[in-house]
Amino acid sequence: MAYNRNPTTPNLVLLVGRAPRFIGIAIIALGVLVLLGWIFNVPALMSVLPGLATMKFNTALLFLFSGIALVNVKANNPYTRIFAGLVVLIAGLTLAEYVLDWNLGIDELVVRDAATLAAGGADPGRMSLMTALSFLVLGTSMLLKKRPLLAQGLTILGFVVALLALVGYLYGVEALYAILPYSSMALHTASAFAFLSLGILASQDDTPLVRVFVSSSAGGIALRRLLPFAILAPLLLGLVRLEGQYLGWYDTDFGAALYAILNIGMLAWVVWWTAVAVHRLDAARLEAVEELQQAHDELENRVQERTAELAAANESLKVSEARFSGVLETAHDGVISIDEQQRIVLFNKGAERIFGYKPEEAIGQSIELLIPDRFSKNHRQHIIDFGRGDTFTRIMAPDRTEVKGRRKNGEEFPADISISALALNNERLFTAVVRDTTEYQRTRDALKASEQRYSLLVNSVRDYAIYMLDANGNVASWNEGATQINGYAEDEVLGQHFSRFYTPEDVLQGEPDRVLETAIKEGHFETEGRRMRKDGVPFWARVAVTPIYGEGQTLLGFSKVVQDLTETKKAEEATRTSEALLSSVLEMLPVGVWITDGEGNITRSNPAGVRIWAGAKYVGLDQYSVYKGWWTETGELIAPDDWAAARAIQKGETSVNESVEIECFDGSHRFILNSGIPIRDEDEKIIGAVVVNHDVTELKQTEAKLRRYTEALERGNIELQMFAYTASHDLQEPLRKIQAFGDRLQALTNDLLSEQARDYLQRMINASNRMQALIEDLLTYSRVTTKTQPFHAVDLNAIIAAVCSDLEIAIERAGGVIEVEPLATIDADDGQMRQLFQNLLSNALKFKAKDRPPLIRISGRVLKSDVNRTSLDGATSSFYEITISDNGIGFEEKYAERIFGMFQRLHGRTEYEGTGIGLAICHKIVERHHGSIIAHGNAGQGASFVITIPMRQVVQEGVGL
């Protein structure tokens with residue numbers, strides 16, 4: 001007797017089996033929503049609450065890939081390996097960026113993280129270190145199908161990381177979800193990782209953890225009851241304890257004691273609850289053991305009874321032999337025995353009835369007495385050949401070709417004849433059993449005509465498989481519809497058992513036999529299930545089986561009708577999937593969604609909508625007065641017929657983002673953007689409406705704050721302009737006097753002063769000159785945004801020529817050469833462009849190498865269309881790239897970003913003159929033109945600056961902007 005060592009709970013097995021698919025769909029939906037949030041700049045989709053960390057674009061993309069891999073993980077198809085591999089690849093590259101301090105350009109490949117960049121954060125757009133590690137661990141676990149224990153360990157590690165982040169949010173411990181500055185794991189990211197880990201664990205059904213979890217054993221019960229408690233109870237109790245302390249209800253000592261008491265109480269209750277369940281399971285096991293022993297005793301009794309029955313049957317067999325002669329005489333069929341000379345030696349009552357001869361008339365006569373003359377010669381030879389062979393039994397004309405007998409009156413009749421041979425006392429006897437088939441032939445002819453009509457009808461059916469089975473379940477007929485559905489030709493299945501149409505699992509469980517038994521028992525049987533085609537592909541089918549009986553309720557076989565439900569099942573599955581996805585999306589959408597019927601009654605809503613209105617009232621169009629609202633622009637009360645839903649249903653109007661102030665059902669007021677669209681059927685008849693409420697209350701409040709901040713910024717700009725005016729007039733005036741009187745003092749007293757005094761005086765004059773240069777550079781830097789000219793078409797060739805003319809003396813002194821390729825005409829501020837090129841060329845001449853004259857190359861190109869980018873004002877434009885390279889002293893690549901900072905110098909003031917503001921001015925000019933500037937350096941070899949600017953500026957900026 002087989003014993004199940006791992007009993008399971010069927011409902012749990014079903015739930016765990018479906019969990020990866022449903023969790024995968026939810027993860028996909030979350031990823032899609034956050035991606036849409038980035039694409040359309042919806043902050044509510046990027047972060048759960050204002051002020052919290054955002055889920056980065058790459059994070060949402062990897063959640064989309066992870067969800068697809070998880071949905072397909074049970075099907076064992078290549079999608080899981082492909083998308084899990086993409087997750088591992090992108091997560092690994094991100095980790096490499098952190099560890100090796102790289103920037104591979106994958107973090108803002110699709111969208112820019114303007115918020116992080118504006119906040120001064122490092123690495124905008126990059127997912128956090130904890131997020132990348134979690135993706136790497138969980139993606140690897142989905143790839144390790146052949147290493148279940150390692151895969152389970154990695155999955156648990158991923159869950160632990162997510163749990164740490166969730167605990168950090170719950171307890172306000174930032175260190176648990178933010179390892180690096182500007183590198184936090186978002187709240188919904190941590191939640192998604194927790195659910196993704198659970199989905200992957202559920203797919204690992206060949207691991208000890210899952211086997212124990214779904215087990216109906218004591219271990220399974222203990223695991224399911226104790227594990228959730230072990231995770232949730234300390235978290236919740238700790239939170240209660242801390243909240244009480246924060247509110248001042250008790251001190252730390254009392255809180256610790258309360259935490260211990262609650263832990264003891266809940267632990268004791270869970271242990272008692274689990275112990276009761278285990279006790280019940282053990283009692284059921286003992287009861288089953290007793291029943292098993294009782295069944296064993298009953299089996300032994302039955303064996304003894306069967307042995308006694310066999311002995312009695314042996315005695316009955318002896319009695320049966322004595323009765324054989326009586327049975328022979330009463331047999332309906334004719335029984336005739338002949339010797340080797342083919343003389344009749346036995347002629348029973350059945351033969352007398354069939355042939356009309358009395359036994360005494362037939363015995364001793366040749367068998368040819370009973371055979372038509374035309375068959376006599378062949379029949380004699382057949383008997384001789386049969387006697388020489390090794391066969392002891394044969395049916396004459398098994399294919400029911402013409403076999404005739406002759407009665408006493410000369411009448412011929414069709415007959416079925418079987419013949420057998422028997423050696424008795426060194427003599428061979430042949431016994432024939434003869435059946436008169438006259439009535440059978442009449443019936444067969446009628447049946448043949450009926451079968452022809454039936455065959456024509458059945459073979460004309462193409463949508464159903466209609467075929468017959470014999471009493472043993474072998475295929476006896478086959479129509480064209482069966483060929484189309486099952487894939488077998490008629491000659492491939494006739495005589496074959498119908499179990500070949502079932503899946504191997506169903507055959508092992510005896511499903512084919514159960515179907516026939518149920519049909520016999522109930523008179524008809526219908527079911528739906530999976531069947532197998534010839535190519536091994538399973539399909540859904542509806543099957544009806546009906547037993548067919550002959551005279552005396554003799555089972556002749558079964559009729560079977562099969563309908564292919566594959567497309568129906570696909571449609572049902574698609575409907576279920578669509579409904580589940582719609583429900584998930586509605587649950588997760590941050591906007592309120594209301595669906596009404598044609599009368600305006602609400603048939604469906606989501607939690608966000610109920611939350612916005614502080615409840616829900618499902619009323620029809622004639623009761624829309626219960627909704628209180630005012631148009632934001634005019635302040636007028638909204639009439640019942642003016643709501644978006646009413647206009648969509650009654651007039652077929654579509655409304656988009658109508659600004660409305662509503663009175664919620666709890667009396668509070670909110671601002672929403674209200675949209676409505678009619679729902680139409682195939683005949684364009686309006687059957688309902690969809691209404692979307694976007695809560696913009698916080699946005700309205702933010703707009704008010706933004707207006708205050710804008711006013712403050714405008715005041716700051718005015719003060720900045722006043723400062724610039726003061727710097728240009730008041731600060732430079734004392735400097736000019738210092739310079740003038742210093743020059744006079746130097747000229748008058750140069751011969752009278754000591755060498756040290758002359759040095760002090762020269763230093764003072766040099767310091768005032770540097771101070772004036774610094775003030776002028778600061779003024780230039782501030783005027784990049786405060787004193788500007790509108791953008792217009794600027795010929796860069798003319799700008800370069802003018803700058804080279806201004807620097808003609810410096811170029812000659814340095815012995816430099818400037819090579820300029822033809823440049824384009826772009827939209828720009830010509831004054832600022834001149835300042836930009838003058839700063840860059842002056843630096844190239846200043847930082848020349850000592851062993852070679854300066855060589856400066858200027859080139860430009862239009863970037864290809866596939867690398868076009870969207871400018872800061874939202875327009876899409878071709879970009880122009882300008883490269884200025886030199887062969888000077890260069891710099892180390894690690895300083896490529898630092899050199900654009902204010903007052904950043906890589907060399908001492910005694911080596912090279914300058915204020916350290918020139919490149920900062922260049923950077924600000926390029927930014928004002930919605931472009932970028934990047935520096936590349938090689939110490940001792942030279943440097944190059946790559947400037948990328950839109951060729952066309954869509955927003956025309958004016959002076960002072």
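The exercises below concern a sheet and a group of aromatic rings in a predicted model.

Local features need pLDDT of at least 70 and side-chain atom pairs count only at pLDDT 80 or more, while totals for chains, interfaces and linings use all residues. Residues are numbered from 1 along each chain as its sequence is written, and side-chain values use heavy atoms, with hydrogens and water left out.

**Exercise 1. The sheet**

Determine the order of the strands in the open sheet of four strands, and state which of them stand at the edges.

Solution.

Step 1. Strands (E, at least two residues) and helices (H or I, at least four) are DSSP runs, numbered from the N terminus. Two strands pair if DSSP finds at least two bridges between them.

Step 2. The order is S9-S12-S11-S10, with antiparallel pairing.

Step 3. S9 (464-470) and S10 (525-532) each have a single partner strand, so one side of each lacks a neighbour in the sheet; these two are the edge strands.

Step 4. S10 pairs with S11 (residues 538-549) over eight bridges, in the antiparallel sense. The bridge partner of Arg-531 is Phe-539 in S11. Over the ring of Phe-539 sits the charged end of Arg-533, 4.2 Å from the ring centre (the rule requires NZ of Lys or CZ of Arg within 6 Å of the centre and within 35 degrees of the ring normal).

**Exercise 2. The aromatic pairs of Phe-665**

Classify the pairs that Phe-665 forms with Trp-613 and with Tyr-627, and state whether each residue is buried or partly exposed.

Solution.

Step 1. A pair of aromatic rings is described by the distance of the centres and the angle of the planes. Rings of Phe, Tyr and Trp (its six-membered ring) pair if their centres lie within 6.5 Å; planes under 30 degrees apart count as stacked, over 60 as edge-to-face and the rest as tilted.

Step 2. For Trp-613 and Phe-665 the centres are 5.6 Å apart and the planes make 35°, a tilted pair. Trp-613 belongs to helix H21 (residues 607-613) and Phe-665 to the loop between S16 (655-663) and S17 (669-680), so the pair ties together parts 52 residues apart in sequence.

Step 3. For Tyr-627 and Phe-665 the values are 6.3 Å and 50°, so this pair is tilted. Tyr-627 lies in the loop between H21 and S15 (628-631), 38 residues from Phe-665.

Step 4. Buried means under 20% relative accessible area, exposed over 50%, and partly exposed in between (1.4 Å probe, protein chains only). Trp-613, at 6%, is buried; Tyr-627, at 13%, is buried; Phe-665, at 26%, is partly exposed.
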